[in-house]
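Could you walk me through this structure in my viewer? I would like to know what to select next and what I will find there.

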Amino acid sequence: MRAAESSPAGAPSPDGDLEARLTEVARGDQAAFAVVYDAVSGPVFGLVRSVLRDPAQSEEVTQEVLVELWRTAARFRPDRGSVMTWVLTLAHRRAVDRVRSAEASAAREHKAALLDQLPAYDEVTEQVETRLEQQRVRRCLRTLTGLQREAVALAYYRGLTYREVAQLLTVPLGTVKTRLRDGLIRLRDCLGVSA
Amino acid sequence: MSTADLHTCTGAYVLHALPAAERDRFEGHLADCEACAQEVKELAATAQRLGLAVAAPPPAELRARVLQQITTVRQEPPRLPARARVRAWTRSAPRLALAACLAAAVALGGVAVWQHQSAEDARDRARRVEQQAAELTAVLAAPDAKTVTGPVGGDSTGTVVVSEERNRAAFLASSLPDLPAGKTYQLWFDDKGTMRPAGLVAGGGRNEAVLMDGPVDGASGMGVTVEPEGGSPRPTTEPIGQMAFPT
């Protein structure tokens with residue numbers, strides 16, 4: 001799968017290259033794993049931290065995800081999508097699982113806090129490509145309707161279920177489900193994602 | 001949950017926003033719906049871009065820790081493919097899968113209508129719905145079928161499938177907004193700027209595939225308007241969606 005816009009950030013090596021490295025990882029090549037680590041650890045950590053907020057937990061989950069990547073490298077299915085998509089899917093799922101298991105005890109965040117979307121990072125080490133990718137995604141998020149944008153952001157960046165999103169935005173369940181879908185479809189078209 | 005409902009779960013599924021039970025049901029459906037699988041693949045790639053946008057370097061010491069840890073973790077072997085099942089016709093015709101997903105949606109629409117008819121009427125109606133579903137399936141499965149997707153009514157997305165060979169077209173909307181009583185969605189063929197009626201969207205357009213009335217006959221595109229109940233001979237409002245047919 002390739003993006004229409006030039007190679008997305010966080011992946012210094014093109015996707016095909018990453019796929020070749022992962023094949024080596026599947027055969028137990030630790031040096032190849034270090035290369036894959038360097039390509040994916042930033043996106044994994046950023047995404048996990050966006051969902052979990054807590055730095056220590058984010059680090060822990062990032063470590064779990066990367067070790068899982070090592071463990072299951074042979075299970076990667078190129079016909080289902082790129083390496084980066086696979087890894088970020090693993091990362092998001094792990095982060096969301098952590099949120100849901102901790103949910104009962106955690107106090108619900110204030111709605112306003114939940115609604116602030118792309119966190120503004122001020123790390124000096126922030127990579128330039130990340131900023132470019134962020135601008136592209138921000139621009140495309142602006143083409144969504146307010147409801148589509150809020151629903152997608154709450155589900156993805158905060159790890160909420162669609163039922164929780166519906167409750168928070170006080171809209172019917174079916175509406176949230178369809179907004180998540182047509183919001184992503186619009187985003188897909190704006191970003192020129194093809195698979 | 002109906003098949004049509006399941007089909008709209010792709011977004012929530014990709015975002016891990018389905019509770020466990022619904023996720024399992026959707027995954028069961030996914031195995032049989034190639035069109036859904038393709039959509040999931042594309043939307044997962046889209047979600048990935050949302051992830052990349054928040055990339056941030058992890059603490060430097062994490063690298064050494066992870067590289068150390070993997071030396072003590074056994075890798076899982078690859079999953080061996082199940083004995084290859086040769087079903088050439090399904091492999092070469094993903095549209096048949098789409099047709100199966102959508103035909104189920106049409107059949108359900110038919111059932112809803114059925115309940116409001118007298119028994120006599122209902123048999124006729126059911127036969128017509130059945131015929132329509134068969135023709136719809138034929139359009140969706142036509143080897144020359146082409147698809148175009150565009151916005152309809154601000155928030156929704158419409159998809160049109162056109163088969164030149166069958167000279168028919170089908171329309172699928174993802175959840176058009178509810179209309180006030182006495183209003184209906186009407187479809188139109190665009191004959192070089194002249195709108196020709198192509199049927200109403202029954203049931204308010206809840207994720208249903210609709211066979212457009214009448215032949216395509218070289219129409220250059222289609223439109224959707226909101227009309228008084230029963231439809232109009234020509235559009236009385238501005239179209240809420242217009243799509244040029246793929247050439």
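Here is a short tour of the model, which is a predicted one.

**Stop 1: a bent helix.** Start by selecting residues 30-52 of chain A, which form helix H2. H2(A) has 23 residues, yet its end C-alpha atoms are only 29 Å apart, where a straight helix would reach 33 Å. Now click on Val40(A): a kink of about 45 degrees lies there, shortly before the proline Pro43(A). Show the surroundings too: 17 of the 23 residues of H2(A) are buried, so the helix is largely enclosed by the rest of the structure. Just after H2(A) comes Arg53(A), with a positive phi near 70 degrees.

**Stop 2: where the chains meet.** Next, display both chains: 69 residues of chain A are in contact with 49 residues of chain B. On chain A, the elements that each supply at least two residues to this side include H3 (55-71), H4 (83-102) and H6 (128-142). H2(A) gives the most, with 12 residues.

**Stop 3: a helix crossing.** Select H7 (residues 146-158) and H9 (residues 173-191) of chain A, whose axes come within 8 Å and cross at roughly 95 degrees. Angles of 65 to 115 degrees count as roughly perpendicular, and H7(A) and H9(A) are therefore roughly perpendicular to each other. To see the helices meet, show side chains including Leu147(A), Val152(A) and Ala155(A) from H7(A), and Val176(A), Leu180(A) and Leu184(A) from H9(A).

**Stop 4: an annotated span.** Finish with residues 11-37 of chain B, which an unreviewed UniProt entry annotates as "domain: Putative zinc-finger". In the model this span is 70% helix and 0% strand, and its end C-alpha atoms lie 12 Å apart.

Key. Residues numbered from 1 in each chain as written. Chains lettered and ligands numbered in written order. Predicted model: local features only at pLDDT ≥ 70, side-chain atom pairs only at ≥ 80, totals over all residues. Helix = DSSP H or I, 4+ residues; strand = E, 2+ residues; numbered from the N terminus. Expected span 1.5 Å × (residues − 1). Bend = angle between axes of the 7 residues up to and from the residue. Buried ≥ 20, exposed ≤ 12 C-beta atoms within 10 Å, placed from the backbone. UniProt positions renumbered as here; feature names shortened; annotations may be inferred. Axes fitted to C-alpha atoms, helices over the stretch in contact; angles between N-to-C directions. Parallel < 35°, antiparallel > 145°, perpendicular 65-115°, else oblique. Contact = placed C-beta atoms within 7 Å.
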